[in-house]
Amino acid sequence: MNQKVTIAIFSFDEGHTNLIIKRLIGINLVGKIIVVAKNEYEYSADIIRIKSDYLFSGEIISQIIEKTRTPYIFFVKSGSDVKLSEDNINSFLSEASKTNSGWIYSDYFEKQNSSSVHHKLIDYQIGSIRDDFDFGYCFLARVDFMKNNISGLFSVKNNFLYSGLYDLRLTISRNYPVTRILKLLYAVNSGSENCSSDKKMFEYVDPKNREVQIEMEKVATHHLKEIGAYIEPSFKEKINFDKEFDIEASVIIPVKNRVNTIETAINSAIKQRTNFSFNVIVVDNYSTDGTTETIHKISEKDKKVFQLIPKRKDLGIGGCWNEAILNKLCGKFAVQLDSDDIYFDENTLQKIVDKFYEEKCAMVIGSYKLTDFNLNEIPPGIIDHQEWTDDNGHNNSLRINGLGAPRAFYTPIIREIKFPNVSYGEDYAAGLAISHQYKVGRIYEPIYFCRRWEGNTDASLSLEKQNANNFYKDSLRTQEIITRQKLNKKRLKD
């Protein structure tokens, strides 16, 4: 293709940005180069400089679009050394032309020290509306649509400081395909730096990011309204709790090979002080490390503890939850306790059940303190999910990557919904399904210790596993968005 393309570089590092510019200068396809940076750098070429403390603000995105005279903008994030060639850029342009896509991204080579690996990304879905979706370091967007809709961008109209690029992507996705190219179209020399999956997991709930999250929520909510997936809070049904149960509450602990933590978990449940009856159901998923024997010894001593061993051997955590909630031993409320974790004090269970009756809700989610194995607090500390509000939590839940802990369910409702038989995202799937129809109660004080250690199932995940997890949660969001769109259409007809 012979058409020119505008390059817009978000500069996080002056040295890397200069290297990128030097490579781009000799490429015939490159028209203008725009650099957005927090400082006034002197670069090695005649480029357009935009200085701002907020690189992704609505105003900055608006300026980039206004300064562009080419059919496409090629966005580059320069946090690392990105290596681009004319063939690379031409491949992006060719794909955009063939697919009529509005947003194009690709896999890439990632060079760390002396090795080079295939850095795979994941396909975009309707449910890929989280603001941290990974498009890599380079992505192409069509300009004609942007030019015609720039004044209508939600972030521009509201002078948002952090969410302009996010808003642009969602706006484009409502009108054009977002396409991933499976080829490796560029290379990135990222050195040895690598943000762990564990750190990324808690970035969005870190209190220091609160202002950013409020903006992102507003943009995501606007998007849901535009695609007909927004659920009004007035549609929430309240629960009467008129079903009779022999036991008021059951603490549910799915476990496999946690001999080092299961005893403390069970003991924290046993020690709960309540004004109602409760039991502890431990679903032992064929442990082989001594966990089974530990549970058996505890259940022999305390009649509140029941050990369930499923008949099936192919169950994930969600399948183990189904074993518990469908069992006749399960009480009116099913309350989560992971085998790695413990309750904050002896009053956790009482607070959860009180919240059910206080708000007549189908699900209660608490807050927790993040600690190491020995209960020493680790950053970001208390995770209270303040991003959840009664008015909009059920919508914002489609943007964020988790709902919090501990989670508790009104048993008749969760028996209808059930959990998917997986070991990641099973709770998120159940929470989304509940939240579009029923009220979810929140406890914003810590009632749970979430212990991080090398044995956690989500600690230090490989890229392949991170991708699989993210794709799965995006698929849950896709299903939920389609469900909500259908519900809204039905309500309009009724």
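User: Let's start with serine 339: does this residue count as buried or exposed, and at what relative accessibility?
Analyst: Happy to help, and please keep in mind that this is a predicted model. Serine 339 sits in the loop between β13 (333-336) and β14. The cut-off for buried is under 20% relative accessible area. Serine 339 therefore counts as buried, at a relative accessibility of 8%.

User: Which residues does serine 339 contact, leaving aside its neighbours within four places in sequence?
Analyst: Two of the partners also appear among the buried residues of α9, namely Ile262 and Ala265. With those included, the contacts of serine 339 are Ile253, Pro254, Val255, Arg258, Thr261, Ile262 and Ala265.

User: Good, that brings us to α9. Which elements do the buried residues of α9 pack against?
Analyst: The buried residues of this helix are Ile262, Ala265, Ile266, Ser268, Ala269 and Ile270. They pack against β10, β11 (278-284), α10 (291-301), β12 (305-308) and β14 (342-343).

User: What is the phi of asparagine 257, and where does this residue lie?
Analyst: Asparagine 257 is partly exposed, because its relative accessibility is 28%. Its phi is positive although it is not a glycine, at about 55 degrees. As for its place, asparagine 257 belongs to the loop between β10 (249-255) and α9 (262-270).

User: And what is the relative accessibility of lysine 360?
Analyst: Lysine 360 also has a positive phi without being a glycine, near 50 degrees. This residue is in the loop between α12 (348-359) and β15 (363-371). Lysine 360 counts as partly exposed because its relative accessibility is 37%.

User: Now for some helix packing: are α6 and α8 roughly parallel or antiparallel?
Analyst: Helix α6 covers residues 164-173 and helix α8 covers residues 210-226, and their axes lie 10 Å apart. The angle between them is about 10 degrees, and angles under 35 degrees count as roughly parallel. The two helices α6 and α8 are therefore roughly parallel.

User: How do the residues of the contact of α6 with α8 divide by class?
Analyst: From α6 come Tyr166, Asp167, Leu170 and Ser173, while α8 supplies Met216, Val219, Ala220 and His223. By class, the residues of this contact are five nonpolar, two polar and one charged.

User: What is the volume of the second largest pocket?
Analyst: Its lining includes Leu170, Ser173 and His223, which also take part in the contact of α6 with α8. Others in the lining are Tyr124, Gln125, Ile126, Ile129, Arg174, Tyr176, Pro177, Val178 and Ile227. The classes are eight nonpolar, three polar and one charged. The space in this second largest pocket is about 160 Å³.

User: Which residue is 67 places from isoleucine 7 in sequence but 4.8 Å away in space, C-alpha to C-alpha?
Analyst: Isoleucine 7 lies in strand β1 (residues 5-10), and its 0% relative accessibility means that it counts as buried. Beyond four places in sequence, isoleucine 7 touches Leu24, Val30, Lys32, Ile33, Ile34, Phe74, Val76 and Ile89. The residue at 67 places and 4.8 Å is phenylalanine 74.

User: Last one: where is the proline that follows alanine 405 through a cis peptide bond?
Analyst: The bond from alanine 405 to proline 406 is cis, with omega near -5 degrees. Another cis bond runs from proline 379 to proline 380, with omega near 0 degrees, and proline 380 is in strand β16 (residues 377-383). Proline 406, in turn, is in the loop between α13 (393-396) and β17 (407-410).

Technical notes:
Residues numbered from 1 in each chain as written. Predicted model: local features only at pLDDT ≥ 70, side-chain atom pairs only at ≥ 80, totals over all residues. Heavy atoms only, no water. Axes fitted to C-alpha atoms, helices over the stretch in contact; angles between N-to-C directions. Helix = DSSP H or I, 4+ residues; strand = E, 2+ residues; numbered from the N terminus. Parallel < 35°, antiparallel > 145°, perpendicular 65-115°, else oblique. Contact = heavy atoms within 4.5 Å. Nonpolar A, V, L, I, M, F, W, Y, C, P; charged D, E, K, R; others polar. Buried < 20%, exposed > 50% of the residue type's maximum accessible area, 1.4 Å probe, protein only. 1 Å grid on protein atoms, 1.4 Å probe; cavity = no way out; pocket = protein on both sides within 12 Å on 5 of 7 lines; lining within 4 Å. Points joined across faces, edges and corners; volume = space filled by probe spheres on them.
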